[in-house]
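Subject: Handover of a structure

Dear colleague,

Please find below the structure that I am handing over to you. I should be grateful if you would keep it open while reading the notes that come after it.

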Amino acid sequence: MKKLCLLGLFVSLASHQVLAATTPVPLENKDAFINNLMKQMTLDEKIGQLRLISIGPEMPRERIRKEIAEGNIGGTFNSITRAENRPMQDAAMRSRLKIPMFFAYDVIHGHRTIFPIPLALASSWDMDAIGRSGRVAAKEAAADSLDITFAPMVDISRDPRWGRSSEGFGEDTYLTSRIAKVMVKAYQGATPSAADSIMASVKHFALYGAVEGGRDYNTVDMSPVKMYQDYLPPYRAAIDAGAGGVMVALNSINGIPATADTWLMNDLLRRDWGFKGLAVSDHGAIFELIKHGVARDGREAAKLAIKAGIDMSMNDTLYGKELPGLLKSGEIEQKHIDNAVREVLAAKYDMGLFKDPYLRIGKAEDDPADTYAESRLHRAEARDVARRSLVLLKNQNETLPLKKTAKVALVGPLAKAPIDMMGSWAAAGRPEQSVTLFDGMSALMGDKTNLIYARGANITGDKKVLDYLNFLNFDAPEVVDDPRPANVLIDEAVKAAKEADVVVAAVGESRGMSHESSSRTELNIPETQRELIRALKATGKPLVLVLMNGRPLTILEENQSADAILETWFSGTEGGNAIADVLFGDYNPSGKLPVTFPRSVGQIPTYYNHLSIGRPFTPGKPGNYTSQYFDDTTGPLFPFGYGLSYTDFSLSDMALSSTTLNTTGKLDASVTVKNTGKRDGETVVQLYIQDVTGSMIRPVKELKNFQKIMLKAGEQKVVHFTITEDDLKFYNTQLKYAAEPGKFNVQIGLDSQSVKQQSFELL
Ligand code: BGC
């Protein structure tokens with residue numbers, strides 16, 4: 001899926017004064033090396049380093065190379081092969097100071113092998129698997145000459161109307177922070193200067209997931225406590241894990257666009273958090289300062305951004321055009337430009353590019369003959385990670401797993417949808433190489449004639465929606481309708497269902513529905529598909545829904561009609577195989593929701609760790625004057641942390657090593673988890689803590705730890721969690737991060753709702 005390029009390539013710069021070369025400084029001394037290089041740079045060359053351009057197929061390569069050789073471009077994104085990038089690096093080596101270029105790309109959930117979308121990765125709660133997905137992505141990207149990715153995306157989102165929910169790791173601060181760290185380490189490996197590592201740039205700094213009403217690019221208005229407590233920690237975790245870069249968010253925060261926010265970029269990020277890496281604007285964001293209404297014109301926009309500490313400007317030309325004049329007039333100081341240049345050069349240094357500009361480009365004779373070669377994929381890894389990310393939401397009468405000998409009707413517009421299987425931001429993934437559900441199921445079924453396929457419905461019957469989804473992609477329409485009338489499609493599916501023992505319906509969203517700029521007002525499965533589900537239900541055959549979607553959907557009705565529901569998100573290149581593994585029981589599902597599933601759009605925002613209130617709704621005691629919607633059941637359809645298995649697990653009461661904790665001490669909270677069913681299986685044991693009384697209102701519970709464990713049928717294990725004062729700290733109204741003495745509830749469960757509880761006192 002390609003994006004619009006706001007491209008103005010050719011900037012003429014004013015100052016051409018060439019500075020004399022100084023004595024070379026050994027490469028080993030980073031600061032001295034960079035200082036020395038900067039002494040030799042002209043103003044034009046410095047400003048050239050701040051320019052990051054997108055390379056589209058339509059772009060004149062020769063002119064780009066000329067500009068690079070003149071020192072006018074610091075890095076590119078979207079050019080993704082060694083053969084494409086080598087001539088650009090050659091051009092940089094012809095430039096006066098031979099400063100290497102870097103090559104960036106959105107490697108979000110895989111590069112050539114596509115792994116499940118980030119929301120799905122989070123559903124695995126499996127840090128090892130998530131790390132493996134990131135490492136494979138880094139290796140594949142580095143092998144294609146890429147030096148840096150705009151990832152991980154760690155924006156907490158509590159509003160599934162936002163299409164980019166799919167790109168993040170869900171609603172929870174703790175889970176997302178853990179994953180942020182794992183992803184940074186996975187991309188960067190032991191060091192971002194290794195040939196098989198890429199630098200991570202965490203995004204979108206900050207709070208992008210909290211845009212008003214889930215409307216993309218919108219405003220964020222948030223209290224400092226909520227920011228510090230809930231939304232900022234994942235970015236911080238990525239930075240503490242060593243992320244070399246930060247991408248700045250497109251939204252505003254409390255009235256100031258992030259791209260112009262000196263508090264955010266300088267006080268918080270650099271001063272308080274000690275970030276020393278590269279800050280990149282998002283696509284065209286400096287120009288957008290005019291639209292936000294904080295800059296009169298391009299000149300003021302450039303001034304605000306450079307002063308805020310935006311080092312590189314992504315795809316706009318304002319730095320090149322305006323910085324020389326701003327400097328001359330004294331509106332900005334040399335240090336503003338120098339700080340930015342220093343950070344760009346330092347990032348290139350950290351990527352290992354001064355040592356070897358061709359570190360990841362390699363030699364032409366070693367280029368892959370076919371960049372799409374099967375041998376370059378990591379299918380086994382993708383299949384393994386994908387099956388761990390699937391969440392079983394319902395399984396009445398043990399409808400699942402299916403027998404491999406059963407006669408199955410496979411229906412739905414997503415059953416044979418290789419593009420959708422990859423999800424959005426599928427980097428260099430190829431639909432031809434992705435395994436559809438049909439492919440995956442037929443590979444596992446002995447007698448292929450037992451799989452009867454019928455499309456049953458188009459993704460949507462709404463022409464406007466269809467046009468919108470197809471507008472997002474320039475190459476070819478992504479969502480292609482079956483031209484037959486809806487009733488004909490349904491009749492065919494019903495006929496298939498009647499011939500089968502069981503119906504599997506692959507339904508949900510096309511991938512473009514959960515993407516950038518894809519906010520929705522409704523979270524239903526589109527009506528065409530709901531009609532299909534109703535017709536299938538009417539056949540009386542056992543009905544399994546395989547959901548494909550990039551955000552929680554409102555599936556109240558479908559939850560009633562289906563016998564089993566498997567949430568598969570968009571599960572990547574090996575998605576079809578992974579889903580088939582679960583449907584036929586070759587893998588016992590172990591995923592848990594990293595987001596709450598609301599019952600309706602009207603309930604949004606709904607998230608598990610909301611603040612305590614004075615008049616909470618008490619389940620089982622409906623009545624007036626408590627916090628509830630009177631026209632629907634209170635509470636989510638599926639809570640955070642929820643997910644079933646083909647086996648059953650029981651939890652003993654919790655043992656707490658003491659009922660008091662002092663500030664230097666430790667508490668042990670443990671439960672015995674038993675696999676009481678007939679199959680081996682994994683589950684996620686989750687630890688929640690509630691600070692019962694504080695100097696300010698605290699959440700009803702917060703995830704503080706978890707362990708994914710494997711238990712053989714009949715096996716039991718004692719799972720221990722250590723609790724220290726650190727787990728009890730929070731940002732108070734003065735933004736002081738400290739724990740307060742008093743009562744705490746500890747809860748352990750296999751989801752956020754059904755838990756065992758004990759209490760202790762922090763002394
Ligand atoms: C998105 C970023 C992305 C960038 C470059 C922007 O539109 O907001 O997440 O990294 O494009 O592709």
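The notes below describe the domains, the ligand site, two sheets and some details of the backbone.

Please bear in mind throughout that this is a predicted model.

Domains

The domain assignment divides the protein chain into domain 1 (1–32), domain 2 (33–365), domain 3 (381–593) and domain 4 (649–762). Between the C-alpha centres of domain 2 and domain 3 the distance is 35 Å. These two domains touch each other: 37 residues of domain 2 are in contact with 37 residues of domain 3.

The ligand site

The ligand is surrounded by 13 residues, and the closest of these are D106, R164, K203, H204 and D282. Sorted by class, the shell consists of six charged, five nonpolar and two polar residues.

Three side chains may be inspected for their polar atoms. D282 places a polar side-chain atom 2.6 Å from an oxygen atom of the ligand. For R164, the distance between an N or O atom of the side chain and an oxygen atom of the ligand is 2.8 Å. For E516, an N or O atom of the side chain lies 3.0 Å from an oxygen atom of the ligand. As to accessible area, the ligand taken alone exposes 310 Å², of which the protein buries 98%.

One of the closest residues also deserves attention for its backbone. K203 and H204, both among the residues closest to the ligand, are joined by a cis peptide bond with omega of about -10 degrees. H204 belongs to strand 5, which covers residues 199–205.

The five-stranded sheet

Five strands form an open sheet in the order 20-28-27-22-23, and their pairing is mixed. Its edges are strand 20 (660–661) and strand 23 (702–711), each of which pairs on one side only. Within this sheet, strand 27 (residues 742–749) runs antiparallel to strand 28 (residues 755–762), and the two are paired over eight bridges. One individual bridge can be located as follows: G742 has L762, in strand 28, as its bridge partner.

The three-stranded sheet

A second open sheet has three strands in the order 6-8-9, again with mixed pairing. Here the edge strands are strand 6 (219–220) and strand 9 (256–257), and each pairs on one side only. Strand 6 pairs with strand 8 (residues 252–253) in the parallel sense, over two bridges. In this pair, V220 has I253 of strand 8 as its bridge partner.

The loop between strand 8 and strand 9 contains N254. This residue is not a glycine, yet N254 has a positive phi of about 45 degrees.

A further cis peptide bond

Which residues are joined by a cis peptide bond with omega of about 0 degrees? They are I604 and P605. P605 is situated in the loop that runs between helix 22 (575–583) and strand 18 (649–651).

Should you wish to begin with a single region, I would suggest the ligand site, where the cis peptide bond between K203 and H204 can be viewed together with the polar side-chain atom of D282 that lies 2.6 Å from an oxygen atom of the ligand.

With kind regards

Methods
Residues are numbered from 1 along each chain as its sequence is written. This is a predicted model: local features need pLDDT of at least 70, side-chain atom pairs count only at pLDDT 80 or more; totals for chains, interfaces and linings use all residues. Side-chain values use heavy atoms; hydrogens and water are left out. A residue is near a molecule or strand if one of its heavy atoms lies within 4 Å of it. A polar contact is a pair of N or O atoms within 3.5 Å; within protein, one must be able to donate a hydrogen and the other to accept it, and residues adjacent in sequence count only if both atoms are side-chain atoms. Accessible areas come from the Shrake-Rupley method with a 1.4 Å probe; for residues, only the protein chains shown count as cover. Ala, Val, Leu, Ile, Met, Phe, Trp, Tyr, Cys and Pro count as nonpolar, Asp, Glu, Lys and Arg as charged, and the others, Gly among them, as polar. Two strands pair if DSSP finds at least two bridges between them. Helices (H or I, at least four residues) and strands (E, at least two) are DSSP runs, numbered from the N terminus. Domain bounds come from an automatic or database domain assignment. Contact means heavy atoms within 4.5 Å.
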